[in-house]
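Please look at the sequence and the structure shown below before reading on. The briefing that follows goes through one predicted model, topic by topic.

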Amino acid sequence: MNDAFKALSDPSRRKILQLLAEGDMTAGEIAACFSMTKPSVSHHLNTLKAAGLIADERRGQNIIYSLNMTVFQELVKWFLDLGYYDRGSDSDEGE
(Lines give C-alpha, C1' and ligand atoms only; values in the text may rest on other atoms or scores of the structure.)
Protein backbone atom coordinates (compact mmCIF):
# COMPACT_ATOMS: atom_id res chain seq x y z
CA MET A 1 0.00 0.00 0.00
CA ASN A 2 2.97 2.34 0.55
CA ASP A 3 3.68 2.26 -3.20
CA ALA A 4 0.13 3.41 -3.85
CA PHE A 5 0.48 6.38 -1.50
CA LYS A 6 3.83 7.29 -3.05
CA ALA A 7 2.29 7.12 -6.53
CA LEU A 8 -0.63 9.28 -5.44
CA SER A 9 1.69 11.96 -4.06
CA ASP A 10 2.46 13.30 -7.55
CA PRO A 11 -0.08 15.67 -9.19
CA SER A 12 0.68 14.38 -12.71
CA ARG A 13 -0.05 10.83 -11.65
CA ARG A 14 -3.28 11.91 -9.97
CA LYS A 15 -4.26 13.62 -13.25
CA ILE A 16 -3.54 10.40 -15.16
CA LEU A 17 -5.82 8.54 -12.76
CA GLN A 18 -8.55 11.15 -13.31
CA LEU A 19 -8.22 10.68 -17.06
CA LEU A 20 -8.42 6.90 -16.76
CA ALA A 21 -11.47 7.23 -14.52
CA GLU A 22 -13.26 8.52 -17.62
CA GLY A 23 -12.20 5.50 -19.67
CA ASP A 24 -9.31 3.39 -20.90
CA MET A 25 -6.61 5.21 -22.88
CA THR A 26 -3.40 4.53 -24.78
CA ALA A 27 -0.10 6.05 -23.64
CA GLY A 28 -0.26 8.44 -26.61
CA GLU A 29 -3.73 9.63 -25.64
CA ILE A 30 -2.57 10.20 -22.09
CA ALA A 31 0.59 11.99 -23.24
CA ALA A 32 -1.50 14.32 -25.42
CA CYS A 33 -3.11 15.69 -22.25
CA PHE A 34 0.22 16.85 -20.81
CA SER A 35 3.00 19.23 -21.75
CA MET A 36 5.73 16.78 -20.75
CA THR A 37 7.87 14.40 -22.77
CA LYS A 38 6.59 10.94 -23.63
CA PRO A 39 9.40 9.34 -21.57
CA SER A 40 8.16 11.32 -18.56
CA VAL A 41 4.60 10.11 -19.12
CA SER A 42 5.94 6.58 -19.48
CA HIS A 43 7.75 6.93 -16.14
CA HIS A 44 4.53 8.04 -14.44
CA LEU A 45 2.61 5.16 -16.03
CA ASN A 46 5.25 2.68 -14.84
CA THR A 47 5.07 4.09 -11.30
CA LEU A 48 1.28 3.78 -11.27
CA LYS A 49 1.49 0.27 -12.68
CA ALA A 50 4.11 -0.79 -10.10
CA ALA A 51 1.81 0.52 -7.36
CA GLY A 52 -1.02 -1.56 -8.78
CA LEU A 53 -3.19 1.49 -9.44
CA ILE A 54 -3.42 0.89 -13.18
CA ALA A 55 -3.28 -2.12 -15.46
CA ASP A 56 -2.17 -2.39 -19.06
CA GLU A 57 -3.28 -4.67 -21.86
CA ARG A 58 -1.84 -5.04 -25.32
CA ARG A 59 -4.43 -4.69 -28.07
CA GLY A 60 -2.75 -5.06 -31.43
CA GLN A 61 0.02 -2.48 -31.60
CA ASN A 62 -1.38 -0.42 -28.73
CA ILE A 63 -1.10 -0.77 -24.98
CA ILE A 64 -4.32 0.25 -23.31
CA TYR A 65 -4.20 1.55 -19.73
CA SER A 66 -7.09 1.26 -17.28
CA LEU A 67 -7.72 1.79 -13.58
CA ASN A 68 -7.23 -1.15 -11.23
CA MET A 69 -10.23 -0.68 -8.98
CA THR A 70 -9.15 -3.42 -6.56
CA VAL A 71 -6.33 -1.28 -5.17
CA PHE A 72 -8.62 1.74 -4.88
CA GLN A 73 -11.09 -0.37 -2.93
CA GLU A 74 -8.28 -1.45 -0.57
CA LEU A 75 -7.25 2.19 -0.07
CA VAL A 76 -10.83 3.26 0.66
CA LYS A 77 -11.20 0.39 3.12
CA TRP A 78 -7.98 1.46 4.83
CA PHE A 79 -9.26 5.04 5.16
CA LEU A 80 -12.62 3.87 6.47
CA ASP A 81 -10.96 1.54 8.97
CA LEU A 82 -8.70 4.39 10.09
CA GLY A 83 -11.72 6.58 10.71
CA TYR A 84 -13.42 3.77 12.62
CA TYR A 85 -10.44 3.31 14.92
CA ASP A 86 -10.17 7.07 15.48
CA ARG A 87 -13.84 7.27 16.46
CA GLY A 88 -13.44 4.26 18.72
CA SER A 89 -10.55 5.87 20.60
CA ASP A 90 -12.49 9.14 21.01
CA SER A 91 -15.45 7.40 22.60
CA ASP A 92 -13.20 5.66 25.14
CA GLU A 93 -11.83 8.99 26.40
CA GLY A 94 -15.18 10.11 27.74
CA GLU A 95 -15.66 7.05 29.96
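At 29% relative accessibility, Phe5 counts as partly exposed, because partly exposed covers values between 20% and 50%. A search of the whole structure finds 3 aromatic pairs, and Phe5 belongs to a cluster in which ring pairs link Phe5, Trp78 and Phe79. Because this is a predicted model, every value in the briefing is computed from the predicted atoms.

**The aromatic cluster**

- A pair of aromatic rings is described by the distance of the centres and the angle of the planes.
- The ring centres of Phe5 and Trp78 are 5.3 Å apart and the planes stand at 65°, so this pair is edge-to-face, the word used for angles over 60 degrees.
- Distant parts of the chain are linked by this pair, since Phe5 sits in helix α1 (residues 2-8) and Trp78 in helix α5 (residues 69-93), 73 residues apart.
- Trp78 has 36% relative accessibility and therefore counts as partly exposed.
- Phe5 also forms an edge-to-face pair with Phe79, with 5.9 Å from centre to centre and 85° between the planes.
- Because Phe5 lies in helix α1 and Phe79 in helix α5, this pair ties together parts that are 74 residues apart in sequence.
- Phe79, at 48% relative accessibility, counts as partly exposed.

**The overall arrangement**

- The secondary structure of the protein comes to 5 helices and 3 strands, and along the sequence these follow the pattern α-α-β-α-α-β-β-α.
- Of the 95 residues of the protein, 27% count as buried.
- If one takes the contacts between residues at least 6 apart in sequence, 54% of them join residues at least 24 apart.

**The nonpolar core**

- In soluble globular proteins, nonpolar side chains tend to be buried together.
- Here the largest nonpolar core has 19 residues, and the members that touch the most other members are Ile16, Leu20, Ile30, Leu45, Leu48, Leu53 and Ile54.
- At least two residues of this core come from each of α1, α2 (11-21), α3 (27-31), α4 (38-50) and α5, and α2 gives the most, with 4 residues.
- Which residues does Ile30 contact, leaving aside its neighbours within four places in sequence? The contacts of Ile30 are Ile16, Leu20, Met25, Val41, Leu45 and Tyr65.

**The sheet and the helix packed on it**

- The 3 strands form an open sheet in the order β1-β3-β2, and their pairing is antiparallel.
- The edge strands are β1 (25-26) and β2 (54-59), each of which pairs on one side only.
- Strand β1 is joined to strand β3 (residues 62-67) by 2 bridges, and these strands run antiparallel; Thr26, for instance, has Ile64 in β3 as its bridge partner.
- Helix α2 packs on the sheet and touches β1, β2 and β3, while its direction makes about 95° with that of β3.
- Between β2 and β3, which also run antiparallel, there are 6 bridges, and the bridge partner of Ala55 in β3 is Ser66.
- Strands β2 and β3 form a hairpin with 2 residues between them, and Gly60 in the turn has a positive phi of about 65°.

**Leu67 in strand β3**

- Leu67 has its place in strand β3, and its C-alpha atom is separated by 6.1 Å from that of Leu53, although the two residues are 14 residues apart along the chain.
- Leaving aside neighbours within four places in sequence, Leu67 is in contact with Leu17, Leu20, Ala21, Leu53, Ile54 and Phe72.

**His44 in helix α4**

- Is His44, at its 10% relative accessibility, buried or exposed? His44 lies in helix α4 and counts as buried, because 10% is under the cut-off of 20%.
- The side chains of His44 and Arg13 are joined by a polar contact of 3.1 Å.
- Not counting residues up to four places away in sequence, His44 touches Asp10, Ser12, Arg13, Ile16 and Met36, and among these Ile16 is also one of the core members that touch the most other members.

Conventions:
Residues are numbered from 1 along each chain as its sequence is written. This is a predicted model: local features need pLDDT of at least 70, side-chain atom pairs count only at pLDDT 80 or more; totals for chains, interfaces and linings use all residues. Side-chain values use heavy atoms; hydrogens and water are left out. Rings of Phe, Tyr and Trp (its six-membered ring) pair if their centres lie within 6.5 Å; planes under 30 degrees apart count as stacked, over 60 as edge-to-face and the rest as tilted. Buried means under 20% relative accessible area, exposed over 50%, partly exposed in between (1.4 Å probe, protein chains only). A nonpolar core is a set of buried Ala, Val, Leu, Ile, Met, Phe, Trp, Tyr and Cys residues joined through side-chain atoms within 4.5 Å. Contact means heavy atoms within 4.5 Å. Two strands pair if DSSP finds at least two bridges between them. Axes are lines fitted to C-alpha atoms, for helices over the stretch in contact, and angles run from 0 to 180 degrees between N-to-C directions. A polar contact is a pair of N or O atoms within 3.5 Å; within protein, one must be able to donate a hydrogen and the other to accept it, and residues adjacent in sequence count only if both atoms are side-chain atoms.
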